[in-house]
Amino acid sequence: MNDLEKIVWTNELSLNNEDVDREHKKLIEICNDLIDLYKLNSNRDEFARILTGMTDYGLIHFKREEKYMQKFSYPKLTEHKQYHRNYIYKVAMYNVDLLGDEPPEPIEIIRFLKKWWINHILKIDSDYENYKNKIQSDVKYGRY
């Protein structure tokens, strides 16, 4: 996938959980907004503002997702939370650095976000949903 090619939501990315998918789609949409901004040669402040929005929404999503996994006793919850913490730290540092004297190239941030989200959804998140289905849990994803 080309760095500036938008992420297209496909059935492959779906966890077959409408509520989780809705939040993942929103995060992908924000990532695609960053690609659009980059193509328009927008300023760093605007890029940082949208990246902050992605971080904020990511925190909300991660909190819901972690509560959800906790409800059905997902055995890899601690590991999963660490993935989330590492992501938030990395993106927060990108944001701080964007407004500093030696900002990272926006394309580097876009590359990271695309790779991280696609991998996270396809491998990490699909694992918890597969586990939940395997144990036949009736736990619903929601706003906790």
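The expected span of a helix is 1.5 Å times one less than its number of residues. The views below show a predicted model.

**View 1. The length of helix α2 agrees with its expected span.** Helix α2 covers residues 44-71, which is 28 residues. At 1.5 Å a residue, α2 should therefore span 40 Å, and its end C-alpha atoms are indeed 40 Å apart.

**View 2. The two ends of α2 show local features at N43 and S73.** At the start of α2, an oxygen of the N43 side chain lies within 3.2 Å of the backbone nitrogen of D45. Just after α2, S73 adopts a positive phi of about 55 degrees.

**View 3. Helix α2 packs against helix α3, with axes that come within 10 Å.** Helix α3 comprises residues 77-98, and its axis crosses that of α2 at roughly 170 degrees. Because angles over 145 degrees count as roughly antiparallel, α2 is roughly antiparallel to α3. The contact of these two helices comprises 13 nonpolar, six polar and four charged residues.

**View 4. Helix α1 meets helix α4 at a crossing of roughly 165 degrees.** The axes of α1 (residues 18-39) and α4 (residues 106-134) come within 10 Å. The crossing angle makes α1 roughly antiparallel to α4, and the crossing is left-handed. From α1, the residues in contact include V20, H24, L27, I28 and C31; from α4, they include I110, L113, K114, W117 and D125. By class, this contact has 14 nonpolar residues, one polar residue and two charged residues. In an α-helix there are 3.6 residues a turn, so residues three or four places apart point the same way.

Methods:
Residues are numbered from 1 along each chain as its sequence is written. This is a predicted model: local features need pLDDT of at least 70, side-chain atom pairs count only at pLDDT 80 or more; totals for chains, interfaces and linings use all residues. Side-chain values use heavy atoms; hydrogens and water are left out. Axes are lines fitted to C-alpha atoms, for helices over the stretch in contact, and angles run from 0 to 180 degrees between N-to-C directions. Helices (H or I, at least four residues) and strands (E, at least two) are DSSP runs, numbered from the N terminus. Angles under 35 degrees count as roughly parallel, over 145 as roughly antiparallel, 65 to 115 as roughly perpendicular and the rest as oblique. A crossing is left-handed if the near helix is turned anticlockwise from the far one by less than a right angle, and right-handed if clockwise. Contact means heavy atoms within 4.5 Å. Ala, Val, Leu, Ile, Met, Phe, Trp, Tyr, Cys and Pro count as nonpolar, Asp, Glu, Lys and Arg as charged, and the others, Gly among them, as polar. A polar contact is a pair of N or O atoms within 3.5 Å; within protein, one must be able to donate a hydrogen and the other to accept it, and residues adjacent in sequence count only if both atoms are side-chain atoms.
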